[in-house]
Amino acid sequence: MLYYLSVMKMAYDGIMMSRVVEQLSKEMNRGRINKIYQISQYELLIHIRSQSQNKKLLISIHPMYARVQLTHLSYPTPQTPNALTMLLRKHLEGAYLESIEQIQLDRIIDMTFVGTNELKDIVKFHVYIEIMGKHSNVIITYDNQKIIDCLKRISPAMNSQRILQPGAIYQFPPMIDKINPFENEYQENDNLTKIYQGFSPELSREVLYRINNGENFHEIMNQIKLSSSLYLHKYNDKEYFHIIELTHLHCPYQSYDLFDGLDKHFDLIDQKDRIKQQTSDLGKFIQNEYHKNILKLNKLEKTLFDSQNSDEYRIKGDLLFAHLHLIQKGQKEIIVDNYYDNTKMIIELDERYDGKTNAKRYYNKYQKAKNSLHYLHEQIALTKDEITYFDSLMTLMENATYYDALEIKEELENLGYLKKKKTKQLNKKKNKFHIETYLTKDNIKIYVGKNNLQNDYLTFKLASRFDIWFHVKDMPGSHIVVHSENLDEYTIRLASKMAAYFSKGKHSSSVPVNYTQIRTLKKPHNSKPGRVILDHYQTIYIDPDDTFFNEISKID
């Protein structure tokens, strides 16, 4: 997994869309739809068989990350299709792609598919994909433009000018009259987005920068027209991309084939967003449990403090018995000589009772507080253990993929924190956990446990006895296992950086990391997943950063 940038600068503009459409035309020519999935409220995943290969077309109308691309990434597909998926499958499965075109240089695609209806008549369908930020949409129509359905329905009450719902007639959104930069002469302007179709602000800045440095506008546009690559730039912890190098940023970049580059850029973003969409309740539950136990601990410690100072109840009982002759029913308090320290003491009384009963009530309070000490110490230890546990889950959720998060949910269900959903699972065998694996420049494997179930499996099942285990000291984090018996200093520091990065100390400095051989570790009896007993270890101090990703390669 690569670093996750806090802010992403998108440039999926009309110019880039033109290159996407051309690539899709080449790779999906007359491709036939095998399967359609709605993998989230924003995304469709279409499996297409084209040129004797299976390909996956991802269509996203996410408000921030909308795009169309072929993808090699794996996406979770729902086992039970929803109503929209069933409708799309009914009309489009088995249909082949006749054509794909971009509307002017806007971010609108018209994909024409040819299929058959229930009577086996030849029917044409259009899939219109509109990439327009929060207004992005996917609309499926018949050849007469009558809408079959949309990924996002727009009723007359929402927009009386442009209705997008079954039965309505599809119309293109209003378009601003601009000129085609591939077909017209350069017109000087300090913002090319105002006059040219398909230009984003980022592309405008780049083209103007190149022109100011002596490049010819038509040569730049020709370079764009011929590009089949994506350039990823990291600048001030932000990631920028486009189909030509963004030289005005003056920063390092990496180039990929167009769709590989889009996969590279959006992989972690999608995963984080998918976790947020589909497991947001899980994150909230973990945080609520953590804060609930913090409050519980505060109350328990206050009660413990009061119980540890319960001798005052016994002293008051003793003094009341010594002064019974001064106490009468109806009194709310009495001032007596405290012969323990030769001072005066004010003792509150229950006016309903006589002196003897009031004294016994103080003795009862004393005995109750004394008896509760053992229980309080036990509850405080259990509550601290819960705080540590949910703190570790919050840390693991920060680095979790979608599937890692589902396993965290499974763990909570197994421990009884969450109620399991009743599903029919006959003879279902538990698959082995997919452990994230990396390879160093010396061809040494390094494994990373991304949740407690994976940590347990990695440390006590997958790892060999003489492999080296790494974990941050006294804080939650991933188990890191290096598949080698003898490590040089470079590999020790590399694995320690990984342990620090995948931990709560990720943003700290001089993080202590313990390491030892697997054979020295033990699993505590009846403990929660992910716990180990550590012995015979060494400690190294590391400043965490993500530069180690440049020194390792991920094994799928």
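What share of the contacts in the chain with a separation of 6 or more comes from residues 24 or more positions apart? That share is 58%, where a contact means heavy atoms within 4.5 Å. Keep that in mind as you start the tour.

**Before you click**

You're looking at a predicted model, where local features need pLDDT of at least 70 and side-chain atom pairs count only at pLDDT 80 or more, while totals for chains, interfaces and linings use all residues. Residues are numbered from 1 along each chain as its sequence is written, and side-chain values use heavy atoms, with hydrogens and water left out.

**Stop 1: the whole chain**

Show the chain as a cartoon. You should find eleven helices and 22 strands; these are DSSP runs numbered from the N terminus, with helices being H or I of at least four residues and strands E of at least two. Turn the view around: the C-alpha trace spans about 110 × 65 × 60 Å along its principal axes. The radius of gyration is 33 Å, whereas a compact globule of 556 residues would have one near 24 Å. (That radius is taken over C-alpha atoms, and the globule rule is 2.2 Å times the number of residues to the power 0.38.)

Now switch on the surface. The chain exposes about 29,800 Å², with carbon and sulfur atoms supplying 48% of it; the areas come from the Shrake-Rupley method with a 1.4 Å probe. Of the 556 residues, 49% are buried. Here, buried means under 20% relative accessible area, exposed means over 50%, and partly exposed is in between (1.4 Å probe, protein chains only).

**Stop 2: E22**

Select E22, in helix α1, which covers residues 14-27. E22 counts as partly exposed because its relative accessible area is 32%. Add I163 and draw a line between the two C-alpha atoms: E22 and I163 are 141 residues apart along the chain, and the line is 30 Å long.

**Stop 3: N137**

Next, pick N137 in strand β9 (residues 137-142). Is N137 buried or exposed? With a relative accessibility of 1%, N137 is buried. Show its side chain, which reaches the backbone oxygen of K152 at 2.6 Å. Leaving out neighbours within four places in sequence, the residues in contact with N137 include I61, Y128, C150 and L164.

**Stop 4: D149**

Move on to D149 in strand β10, residues 147-150. D149 is buried too, because its relative accessible area is 5%. What does the side chain of D149 make a polar contact with? Look for the side chain of R153, at 2.9 Å. (A polar contact is a pair of N or O atoms within 3.5 Å; within protein, one must be able to donate a hydrogen and the other to accept it, and residues adjacent in sequence count only if both atoms are side-chain atoms.) Again leaving aside neighbours within four places in sequence, D149 touches L84, L87, V138, I139, I140 and P166.

**Stop 5: two loops**

Finish with a pair of backbone angles. Most residues other than glycine have a negative phi. K120 isn't a glycine, yet has a positive phi of about 70°. You'll find K120 in the loop between β7 (108-116) and β8 (122-130), and K120 is exposed because its relative accessible area is 66%.

For the last selection, go to N526, in the loop between β20 (511-517) and β21 (538-542). N526 isn't a glycine either, and its phi is positive at about 55°. At 70% relative accessibility, N526 is exposed.
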